[in-house]
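Student: Could you walk me through this structure and show me how each word is earned?
Tutor: Gladly; we will set each value beside the rule that it has to meet.

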Amino acid sequence: MNEIDASQNVTVLELLDRVLNKGVVVAGDITISVADIDLLYLGVKLLLCSVETMEQNKKKVTIGEPESA
Amino acid sequence: MESLKVPDKQMLTCMYAIVDYSAKRLNMRPLYPVAYKEIAAVVETTCKERLAFDQQAAIEYGATLEVLNEKFTLLPCRFGTFLQDENAVLQVLQEHYFFYKKKLEELRGKQEFGLKILSEKSVQAHNANNKKQCKDGKEYLLQKFYEYRADEERKRVNQKTVDVIHEELQKLSSMSVKNAEISGHVVFSCNYLVEKKTESFFCSKVEALQGMYPELKFLLTGPWPPYNFVAEN
């Protein structure tokens, strides 16, 4: 994995963390749960594990220009 | 959230964001606004069977919010916010109008940056220690003790350093939210709300701080829509 790949992975994880765990929550009777959201959360946890692995392998993730996903 | 069994053919309204709709108009089909006074919810109506709930869908949702963020002051909604129809959306806007309005005013002209700081020393020390072979149990326990002591010292020094860094960055931001849950080699994680006009200064400051503390690894991401600054509490 080169620097750009690693940097992009971090950005994607940061995006998923925000989209899935942050933001306005519209709660109440009118909100509908329509799908297996739990599966999605599981997927994100697995991805976070790979970030740990990435760190352990000491892949360089450079600071630089802020990125948008 | 209440779980309802929804037929595959049923149409649902997905809420992307709540925006300040007083000045600009939305032109991003298939998205459209459901307006209430000077705020609006940006929504999309779609059939349940066409919805995707995988990583790609979440990434695309985030990308849409970023495009919206370029044009509007917005409160991003969490991925997977579905309502029955436009009337339900309108009801949400009416019920929370004052809160949304106040938040939009607070966030006008500001964006979020995320900063994570990793300690490279911890990684190196950990790897180096793993290579040592112990002759007996006593040596092993002693090694563990020294590792523990060194680790505690590193944590103490890191904490002092990140406190200084955080103080510097707080001066350049309107608000900040620290992430309490940090693990592994991440010694600090925080989100900063930064005015658009001072964004480049903020980034330069982070870069300068990275230069001052080369033993730490800085991960700066952004600008993001203000995901971490819209909580009701």
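Tutor: We start with burial: a residue is buried if 20 or more other C-beta atoms lie within 10 Å of its own, exposed if 12 or fewer, and partly exposed in between, with C-beta atoms placed from the backbone. Helices (H or I, at least four residues) and strands (E, at least two) are DSSP runs, numbered from the N terminus. This is a predicted model, in which local features need pLDDT of at least 70 and side-chain atom pairs count only at pLDDT 80 or more, while totals for chains, interfaces and linings use all residues. Residues are numbered from 1 along each chain as its sequence is written, and chains are lettered from A and ligands numbered from 1 in the order in which they are written.

Student: Which residues of H5(B) are buried?
Tutor: They are B:Asn158, B:Val162 and B:Ile165. That makes three of the 34 residues of H5(B), so this helix lies largely in the open. The cover over its buried residues includes S7, S9 and helix H6 (199–212) of chain B, where contact calls for C-beta atoms, placed from the backbone, within 7 Å.

Student: How do you know what H5(B) should span?
Tutor: The expected span is 1.5 Å times one less than the number of residues. For the 34 residues of H5(B) (137–170) this gives 50 Å, and the end C-alpha atoms are 48 Å apart, which agrees.

Student: Is strand S7 of chain B enclosed or open?
Tutor: Of its 10 residues (110–119), 10 meet the burial rule, so S7(B) is largely enclosed by the rest of the structure. Both of its faces are covered: B:Lys110, B:Glu112, B:Gly114, B:Lys116 and B:Leu118 are buried on one side, and B:Gln111, B:Phe113, B:Leu115, B:Ile117 and B:Ser119 on the other.

Student: What makes S7(B) and S9(B) a pair?
Tutor: Two strands pair if DSSP finds at least two bridges between them. S7(B) and S9(B) (186–195) have nine bridges and run antiparallel, so they pass the rule. With S10(B) (216–224), S7(B) has seven bridges, again antiparallel. B:Ile117 shows both links: B:Phe188 stands opposite in S9(B), and B:Phe218 is the bridge partner in S10(B).

Student: What makes a nonpolar core, and how many residues has the largest one?
Tutor: A nonpolar core is a set of buried Ala, Val, Leu, Ile, Met, Phe, Trp, Tyr and Cys residues joined through C-beta atoms within 7 Å. The largest has 42 residues, and those with the most contacts inside it include B:Met15, B:Ile18 and B:Val89. S2(B) gives the most to this core, with seven residues.

Student: Why is this core said to lie between two domains?
Tutor: Domain bounds come from an automatic or database domain assignment. Domain 1 (11–107) and domain 2 (110–229) of chain B both give residues to the core, so it lies between them.

Student: Which residues does B:Met15 touch?
Tutor: Beyond neighbours within four places in sequence, its contacts include A:Val26, B:Ala41 and B:Val89.

Student: How far apart are the C-alpha centres of the two domains of chain B?
Tutor: They lie 34 Å apart. The contact takes six residues from domain 1 of chain B and five from domain 2 of chain B.

Student: What is the order of the elements in chain A?
Tutor: From the N terminus on, they run α-β-α. Of the 69 residues of chain A, 25% count as buried.

Technical notes
Two residues are in contact if their C-beta atoms, placed from the backbone, lie within 7 Å.
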